[in-house]
Amino acid sequence: MDAELLSRRTLRFVNVAHALDHFVLLIYPTAVIAIAAQTGLGYGELIGLATGAFVAFGLCSLPMGWLADRFGRRTMLAIFFFGYGLSCLGVASAGSPTTFAVWLCVLGLASAIYHPVGSAMLVTHATRLGRDLGVNGVWGNAGAATASGVTALLASGLGWQAAFIVPGLICLACGTAFVALVPGDGEGNRGKAGGAPVIAVARPIPLLIVFAFAIIAGGMTFNITTIALPKVVDERVGAALPLALIGSVATLVFAFGALTQLAMGRLIDRYSLPTLFLGLSILQPVGLGFAAISTGLPMLAGLVLTMAALYGQVVINDAMVARYVPAAYRTRAYSVRYFLGFTVSGFVVPMIAVLHDRGGFGLVLGIAASFGAVIFASAFGFFVLIRAAAKHPLVPAE
């Protein structure tokens, strides 16, 4: 298979995998509303069972880059598809809190494969980095956006088990097609976007430190907002809504993130990454702070602003790794990036449960806004360091 065809096919499956990764991981936060109604268990208790899934999502991303370098990225992405499908069927078969927790943990382990492996594959096969990152981000956002609505419809019409069975079967089908149509890793478009010259930097350690703070804080705001969103809509829109409508409203909020990702993808190919990073970072604390103190439509406006900033930030972070890290270290760099962002943020599940019980979602969103302020401070520090570096001789990033 020639390199161009291999790249096109790989990018398509990487995009589908990104959509499935976010879709499946966000089934439970909506399905839990139907599970609570059926079992009589409280929201706080049930949402806490997903802690293992979100911790594994981040913690296990660290070794995935090493495994991809050892066994091949194609092999790992195939394991992602099949592992995700089987774990979905496992959750659907759960009948007790213990089995829920175990299968959700397995699901989190499978989900950890995508970001370090898929991001590196995308950069290798990209033709225009910003555009292809933006498109990939939209696929991921589409998965997150539709998770609430589709889950609500399936749970309302066919029972909560169907909300896991249907995506599980789709994952297995995608895995089969991927193995059949993508014969290997290949070099793809290396030498084009994936092989673009690495940006040289001065004082790389301070830059890494401030970027790490932004990644960790961004993981916190991302998980708090995306996990809590269905229940936030349920409690704070201002009227009792059926589950299907709750999911639809949550989906609408997620959809605005897609517009930002497309815009960021285009802007990355034209403007400085530190400048874009700083400009976008202010939106998270503003949006979350506004949502924390309001209800109804004003609250939804704050969440829309937040979601746009969250998903735009994902594209910028991935582009920064691609532009500042040499190709030989990129898979491992993505592993560390997602390890930092998702491991710490995995603990937001019990934090949401505790804060919700003590102060409702006003407190939950207020805490998220404080993490948003950390992102802005980190982006400002990164911008200042890059500006200062421009006045001095640069040290190659290698």
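**Exercise 1. In which helix is the place of L305? Find it, and then describe the surface patch to which L305 belongs.**

Solution. The model examined here is a predicted one. Step one is to locate the residue: L305 sits in helix α15, which covers residues 296–324. Step two is to ask how much of L305 is open to the outside; its relative accessibility is 31%, so it counts as partly exposed, and this value passes the patch cut-off of over 30% relative accessible area. Step three is to collect its partners: together with I282, V286, F376, F380 and V384, L305 makes a nonpolar surface patch of about 470 Å². Step four is to find the main contributor, which is helix α17 (residues 348–389), giving the most to the patch with three residues.

**Exercise 2. Describe the overall makeup of the protein, beginning with how many helices and strands it has.**

Solution. Begin with secondary structure: the count is 17 helices and zero strands. Next, consider burial, where 57% of the 398 residues count as buried. Then turn to the contacts between residues at least 6 apart in sequence, of which 86% join residues at least 24 apart. Finally, the accessible surface comes to about 15000 Å², and carbon and sulfur atoms account for 70% of that surface.

**Exercise 3. Find the salt bridges of the structure, and state for each bridge where its two residues lie and whether they are buried or exposed.**

Solution. As background, side chains of opposite charge can pair when their charged atoms come close. The structure holds two salt bridges, and they can be taken in turn.

For one of them, R8 pairs with E4, and the closest N and O atoms are 3.4 Å apart, which is inside the 4 Å limit for a salt bridge. Both R8 and E4 belong to helix α1 (residues 3–25), where they are four residues apart, or about one turn of the helix. On accessibility, R8 is partly exposed at 38%, while E4 is exposed, with a relative accessible area of 54%.

For the other, D318 pairs with R337, with the closest N and O atoms 3.1 Å apart. This pair links distant parts of the chain, since D318 is in helix α15 and R337 is in helix α16 (residues 330–345), 19 residues apart. Both D318 and R337 are buried.

**Exercise 4. How many disulfides does the structure contain, and why is C171 not bonded to C88?**

Solution. The count comes to zero disulfides. To see why for C171, look at its closest cysteine sulfur, which is that of C88: the separation is 5.2 Å, too far for a bond, given that a disulfide needs sulfur atoms within 2.5 Å. C171 is also buried, with a relative accessibility of 0%. C174 is likewise in no disulfide, as the nearest cysteine sulfur, that of C171, lies 6.6 Å away. At 16% relative accessibility, C174 counts as buried.

**Exercise 5. Where is T124 found, and which backbone oxygen does its side chain reach?**

Solution. First place the residue: T124 is in helix α8, residues 114–125. Then check its cover, which shows that T124 is buried, with a relative accessible area of 6%. Finally, follow the side chain of T124, which reaches the backbone oxygen of A120 at 2.9 Å.

**Exercise 6. How many of the nine residues of helix α13 are buried, and which are they?**

Solution. Helix α13, residues 273–281, is mostly covered, since seven of its nine residues are buried. The buried residues in α13 are L273, P274, L276, F277, L278, L280 and S281.

**Exercise 7. For L208 and G95, determine whether each is buried or exposed, and relate each to a residue elsewhere along the chain.**

Solution. Take L208 to begin with: its place is in helix α11 (residues 204–236), and it is exposed, with a relative accessible area of 54%. The C-alpha atom of L208 is 8.9 Å from that of F382, although the two residues are 174 residues apart along the chain.

Now take G95, which is in the loop between α6 (73–92) and α7 (97–111). G95 counts as exposed, at 75% relative accessibility. From C-alpha to C-alpha, G95 and T39 are 9.9 Å apart in space, while in sequence they are 56 residues apart.

Terms used. Residues numbered from 1 in each chain as written. Predicted model: local features only at pLDDT ≥ 70, side-chain atom pairs only at ≥ 80, totals over all residues. Heavy atoms only, no water. Patch = residues over 30% accessible without salt bridge, like charges linked within 9 Å, V, L, I, M, F, W, Y side chains within 5 Å. Areas by Shrake-Rupley, 256 points an atom, 1.4 Å probe, with all protein chains shown as cover. Salt bridge = Lys/Arg side-chain N within 4 Å of Asp/Glu carboxyl O. Helix = DSSP H or I, 4+ residues; strand = E, 2+ residues; numbered from the N terminus. Buried < 20%, exposed > 50% of the residue type's maximum accessible area, 1.4 Å probe, protein only. Contact = heavy atoms within 4.5 Å. Polar contact = N/O pair within 3.5 Å; in protein donor to acceptor, adjacent residues only side chain to side chain.
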